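Here is a short briefing for a first look. Keep the structure open beside the text and find each element as it comes up.

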Amino acid sequence: MNTILKLKKANLLGRGGAGFPTWLKWKLVKKAKAEKKFVICNAAEGEPGVFKDGFLLENFPEEVINGIIIAMKEVGAEKGYIYLNPLYFEKHKNRLKKIIGKTQIIIFKKGKGYIAGEETALCEVIEGKRAEPRNKPPYLSEKGLFGFPTLVNNVETFYCVSKICKGEYKHARFYSISGDVKKPGVFQLPESMTIAEVLKTTGNYPNFDFYIQSGGGASGEVLLKEELERPVSGAGSITVYNKEKTDPFTLMEKWVDFFMEGNCDKCVPCREGLFRLKQMIEKKDLNKDVLSEIFFSLSEASFCSLGKGAVVPFRSFLKKIMNIEA
Amino acid sequence: MRKKKIKIMIDGREIICFQGQTILEVARKNDLKIPNLCCHPDLEHSQSCRLCLVSIKDRKGFFTACSTKVENGMIITSDSPEIKKLRKINLEMIFAQHVESCRDCMRSYNCQLLSLAEEYDLDLGKFSDRKKDYPVMQFGSAILFKSQKCIDCRNCERICKKQGVGFLEVQEHGPFLEIGPCSENNKDCVYCGQCIVHCPVAAFEEADSIKSVEAALKDKKNFVVFQFAPSVRVSIGEEFGLPYGTVVTGRLIGALRELGAKKVFDVSVGADITTIEEANELLERVRKQQKLPMFTSCCPAWVRFVELYYPKFMPRLTSVRSPHIILGGIIKKYVAEKEKIDPKRIVVVSIMPCTSKKYEITKKELKIGELNPVDHVLTVHELACLFKSHSIDLNFVKEGKLDQILGEPSGGGVIFGASGGVTESALRSAIRKLTGRKNARINFKKVRGLEEIKEAEVKLGDVLLRVAVVNGLGNAKRLLENNPKQYDYVEVMACPGGCIGGGGQPIPANPAIRKKRAQSLYEIDKQKQIRLADDNPVVKELYEKFLNNKEVVHKVCHTQYYPQQKEKIKIIKQ
């Protein structure tokens, strides 16, 4: 059975957050006709509460690199990249280099800002340009790095690829658990588990009133404790907040600062909308109408998914915790 | 390759268009208004303002018209309640970045933002001004950056990069990435002013010379003389609602007289002298096969570019001064003597399509003794403002005539305003000189047009002269770095299309508008009886009576070049 079919059978979805079927991504790049192709392993991981890629690089770098090599062979790429956030770059570069050996895989240090981890922006960075997302289409599978078809997958995805090809894949994923919990860390558990089960199994289910953020400690949706009978979303993180002890404005300010620091400031909704949101949070003056306008603009008019997604935590938090439906 | 015709629908209207066009291009061609601020035909779309959002049938979400290509059968809505709402929110946020200072804004009578504010009924008090404490900076004596008006579309950064300069860059300011001047020591502005022409909200403006010109006019001791550049006659009409490219030479002269000009001259006459001097120098260099290719030097942004970034090419620049500097010298020396006016009383004001000319007149090496050939430079844009503040309207003004002591220009002098004009005029003169034939070749169509690099081979006696005509500094940079030696004569104008696309020209400017301005200049040339600088009677007279010895010619018509350094950026207001 060829690799792409194996990935399809395993029903592997990208573990970077977007959850796109991996086999389809591979097929598109494989099908593309070009004199050159690239494979990029995205290890830009930088959102609060998400740290499982770091864990994998620390503990299973061989599997990750094996996954990259399989991808390069499968789609016909001569060259691969591991695109690492600066912290991981310093920590793991020497070890990774050793494992890579003579294979054509380049270790590349990520550009500044959260947006530099977005798959098209990271291509810009590798090309030596400013970290800004590209217009889609064309998709990376047609015109990616330096204009050639490019496959970008997350660290965990490559790990899973390696496991699938070895016949050792058990439909597990790596959960990052953080916040007001007893045992923060990365846990490998079945991907079908609900959030409540994950928290219980890992001994992290709180005995106080709480809510969580699923799939990213900034961009993740806020869920109440009665909403946890569902699997985790996005990059597979669970951040637990003690309802009584968490100051709503401090929390929202942390999110908004993260987005403002991490965005590219190119488009009006994201640059200005987030700034106005921050002003309102700082002044603790949450005008529902203005909020709803800003959210509408962010979600519908932003250039890329950073701006579009930035609405998710605020909307869900305001509705569920602060009773403001904007 | 012929483009495929397709059919689309915008707001219920069926439109035939071409594959490969964007929705916005099609809308513009068909007079459908889709609001946008950041999209400029000279630049790749940046999609930053998010105003041109439209929706497309059977597709989820909204799409920017500037970047979305049309497809056959596409059904587009450009104006739904949701779209309106999104535009309104975005506009309110843009408005809250841009500190309105309409009273002293050059564009207040032609402001896209204001008209959109009205159209979308904005609540301007919703948000506080984000940039109210941002500074005003001045680059050299030419350009102002009012950063409190900037809406971060980054068109200026992109055009500056396209110009091969890269002085304006995106910098980290707190949590924002914003435009600022480069602090690197070896990088400076060349004052081409393309940032002004490409800024949608007048965050860039020419450094103000209106006040000093008004002061000069008020002081009765002064004898204020105006001279206007070749391209001004085909562009200033736009500031008064006239169609692009309307020729308003007579009206312009009349208006200047109404303003209080003691004399009005045409810089194109100076261009005739530039032509003759430059043709001589070219023939000389070709004969000696020295310092080739010879580069033109009429464009001060180009000269500064060479002096700043490529000083090793300085000897290749022709030593001939630019037309308005030559004519300014003639006014203060020749006209002053003939008309018995104390040259110290004369104030020469040049009307220029250019911001870099404001910098040029500060160059010490251009002084003739104690005299500055030119005292003030007004851009076309500034002159229009001055006219308006004096209630002078080019639509109603009486036509005037040039002061005949400096006569009328040849056609060759007039086409200096378009890319290729200097070359064509100089070639006319060089061939005449070499052959002595009265009916020597006049038209050199290969050097005309808006293409960024034009090449021609011209027979100059026994020599085949290899000519390149370049507009846009980025293209000039490429030529310098590749192989300039493949040419003998190279004309460079910093701005797209030459001076008709200058940084001091009316806004908007785009390829279609520049084309119309250029066409009008060539039409004037075609209509002229005298098309060759050498045949211009006043020029002949000047050479007989004034420019009749080497020393005077050298002082009035030639200059030297010096390596330049970065000028300190002035913070005017914070």
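In chain A, strand β7 (residues 210–214) pairs with β8(A) in the antiparallel sense, over 4 bridges. The model is predicted. The points below start from this strand pair, then turn to chain B and to the contact between the chains.

**The sheet in chain A**

- One bridge partner can be named: S214(A) is matched by E221(A) in β8(A).
- The pair belongs to an open sheet of 5 strands in chain A.
- The strand order is β6-β5-β9-β7-β8, and the pairing is mixed.
- Which strands form the edges? They are β6 (185–190) and β8 (221–224) of chain A, and each of them pairs on one side only.
- From one strand to the next, the twist averages 30°.
- A helix also meets this part of the sheet: α13 (residues 311–320) of chain A lies across β7 and β8 of chain A.
- Helix α13 of chain A runs at about 30° to β8(A).

**Chain B as a whole**

- Chain B holds 18 helices and 19 strands.
- Its C-alpha trace spans about 75 × 60 × 50 Å along the principal axes.
- Why does a radius of gyration of 24 Å agree with a compact globule? Chain B has 574 residues, and a compact globule with that number would have a radius of gyration near 25 Å, so the 24 Å of chain B agrees.
- Of the 574 residues of chain B, 52% count as buried.
- Now take the contacts in chain B with a separation of 6 or more: 73% of them are accounted for by residues 24 or more positions apart.

**Domains of chain B**

- The domain assignment gives domain 1 (5–79) and domain 2 (210–557) in chain B.
- How many Å separate the centres of domain 1 and domain 2 of chain B? Taken over C-alpha atoms, the separation is 40 Å.

**Where the chains touch**

- The contact takes 22 residues from chain A and 23 residues from chain B.
- On the side of chain B that touches chain A, α2 (81–97) and β9 (176–181) of chain B each supply at least two residues.
- The largest share of that side comes from α2(B), with 7 residues.
- How do the residues on this side of chain B divide by type? There are 12 nonpolar, 6 polar and 5 charged residues.

Notes:
Residues numbered from 1 in each chain as written. Chains lettered and ligands numbered in written order. Predicted model: local features only at pLDDT ≥ 70, side-chain atom pairs only at ≥ 80, totals over all residues. Contact = placed C-beta atoms within 7 Å. Nonpolar A, V, L, I, M, F, W, Y, C, P; charged D, E, K, R; others polar. Rg over C-alpha atoms; globule rule 2.2 N^0.38 Å. Buried ≥ 20, exposed ≤ 12 C-beta atoms within 10 Å, placed from the backbone. Domains from an automatic or database assignment. Pairing = 2+ DSSP bridges. Axes fitted to C-alpha atoms, helices over the stretch in contact; angles between N-to-C directions.
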